[in-house]
Amino acid sequence: MASTAPKRIRVPLNGVLLLDKPVGFSSNDALIKAKRLLNAQKAGHTGTLDPFATGVLPLCFGEATKFAQDLLDADKTYETLIHLGVTTTTGDTEGEILESKEVNISREQIDQALAQFRGPIKQVPPMYSALKRDGKPLYEYARAGITLEREARDVTIHTLEFLDYQAPFLRLRVTCSKGTYIRVLGEDIGAVLGCGAHLQELRRVQVGHLTLDGCVTLDQLIATDEAERAALLAPVDNLLSSFPEVVLPEALAKRFLQGQRLTLAKEGVTLPTTAGRVRVYLQPGDVVDASSRQLLGTAQLHEYGVLAPERLIATAQQT
């Protein structure tokens, strides 16, 4: 009887890997590869990057997956190279060419076109997308030659910056709200210019407050000794650093982890000046060193210093 190799025991890692996703990998492919290299139990990514795109892809492990939605909802910044004069079936280099036109566009025309896309705009999602209709992603319909009606969605282009133009290539930097398709933005700019367009390159350079600084590549992860790979993960609260902090003593922290709402106005706890979402820490004993604090989770801070637990860290509850 053939011997069966022992099943590999996965490790319960908690943290965030800032991955610089390479060309040719889907976000899920990159996640599976990193999860396998780290031998992690639980992982998830924070927003899809097309296979032809590169750049910031935060991968959440363990308890960090509880806060992935914050990055899904965050603004994103991209740098893109738009190929004017050529349209494709997918709006990028992976599709088949539909039409080619001569490009005779001036910088003034480009500036006028870009001005139309700054601020709140309507955008029709592309057929080649993971949005679902009747349980099937739109790209499955598209691959079958079926085009469905899609309702335009409200998105916001916070900044649309001209970087360079060497005909027929236009390079832009875009900061936008969640749900924005840069492929569609490139196609729409090409349509306004009257020549059509598709994306030649797309690189995500920022997600929320997370940037390419500190990102690692899959090659770097592979090259790192297996025992040292977990050290490449940033702490869970790296996802939450834009939120004000509330630090609780042990007695209040215990009640917080039991899901109790706390009225902190008379507890001597230092509170942010405005209400809203906060990250909550335990400061053990009389130690004042910030490095000794333990993340407990997130909460909503209401009027009169009322702290309402939101998402709690399971590892904190076990300590």
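Start where two parts of the chain meet: seven residues of domain 1 are in contact with eight residues of domain 3. Bear in mind as you click around that this is a predicted model.

**Stop 1: the domains**

To see that meeting place, colour the chain by its domain assignment. Domain 1 comes in two pieces, 15–73 and 210–238, while domain 2 covers 76–207 and domain 3 covers 243–312. Between domain 1 and domain 3, about 570 Å² is buried, and carbon and sulfur atoms give 53% of that area. If you put a marker at the C-alpha centre of each of these two domains, the markers for domain 1 and domain 3 sit 29 Å apart.

Now try colouring by the UniProt record instead. An unreviewed entry there places "domain: Pseudouridine synthase II N-terminal" at residues 35–182. Select that span and you have 17% helix and 39% strand, with the end C-alpha atoms 28 Å apart. The record also lists "domain: tRNA pseudouridylate synthase B C-terminal", again from an unreviewed entry, at residues 183–240. That span is 29% helix and 22% strand, and its end C-alpha atoms lie 29 Å apart.

**Stop 2: strand 4 and its partners**

Next, select residues 76–84, which make up strand 4. Is this strand out in the open or enclosed? Eight of its nine residues are buried, so strand 4 is largely enclosed by the rest of the structure.

Show strand 11 (169–176) as well. Strand 4 pairs with strand 11 in the antiparallel sense, over eight bridges. For a landmark, find Thr77, which stands opposite Thr175 in strand 11.

Then add residues 197–207, which form strand 12; nine bridges join strand 12 to strand 4, and these two also run antiparallel. Here the landmark is Thr80, with Leu202 of strand 12 opposite.

**Stop 3: two backbone oddities**

Most residues other than glycine have a negative phi, and most peptide bonds are trans. A couple of places go against that.

Zoom in on Ala167 and Pro168. The peptide bond from Ala167 to Pro168 is cis, with omega near 5°. Pro168 sits in the loop that links strand 10 (153–166) and strand 11.

Then go to Asn39, in the loop between helix 1 (27–38) and strand 2 (43–45). Asn39 is not a glycine, yet its phi is positive, about 55°. Asn39 has 9% relative accessibility, so it counts as buried.

**Stop 4: the five-stranded sheet**

Move to domain 3, residues 243–312. Now bring up the open sheet of five strands, in the order 14-16-17-18-15 and with mixed pairing. Strand 14 (245–248) and strand 15 (262–263) are at the edges with a single partner strand each, so one side of each has no neighbour in the sheet.

Begin at strand 14. Four bridges join strand 14 to strand 16, and the two run parallel. Look for Leu248, whose bridge partner in strand 16 is Leu282. In a regular strand the side chains alternate between the two faces of the sheet. Turn on side chains in strand 14 to see this: Val246 and Leu248 point to one face and are buried, while Glu245 and Val247 point to the other and are not.

Further into the sheet, select 294–301 for strand 17 and 306–312 for strand 18; they run antiparallel and are joined by five bridges. One pair to pick out is Leu301 and its bridge partner in strand 18, Leu307.

What lies across these strands? Helix 7 (residues 250–257) lies across strand 14, strand 15, strand 16 (276–282), strand 17 and strand 18. Rotate the view until you see helix 7 running at about 70° to strand 17.

**Last stop: Tyr304**

Finish in the loop between strand 17 and strand 18, where you'll find Tyr304. Tyr304 has a positive phi of about 65°, although it is not a glycine. Is Tyr304 buried or exposed? At 69% relative accessibility, Tyr304 counts as exposed.

Which residues does Tyr304 contact once its neighbours within four places in sequence are left aside? Show Thr263 and Ala265 to see them. To end, draw a distance from Tyr304 to Ala152: the two are 152 residues apart in sequence and 42 Å apart in space, C-alpha to C-alpha.

Key: Residues numbered from 1 in each chain as written. Predicted model: local features only at pLDDT ≥ 70, side-chain atom pairs only at ≥ 80, totals over all residues. Heavy atoms only, no water. Pairing = 2+ DSSP bridges. Contact = heavy atoms within 4.5 Å. Axes fitted to C-alpha atoms, helices over the stretch in contact; angles between N-to-C directions. UniProt positions renumbered as here; feature names shortened; annotations may be inferred. Buried < 20%, exposed > 50% of the residue type's maximum accessible area, 1.4 Å probe, protein only. Domains from an automatic or database assignment. Buried area = accessible area lost by both parts, 1.4 Å probe.
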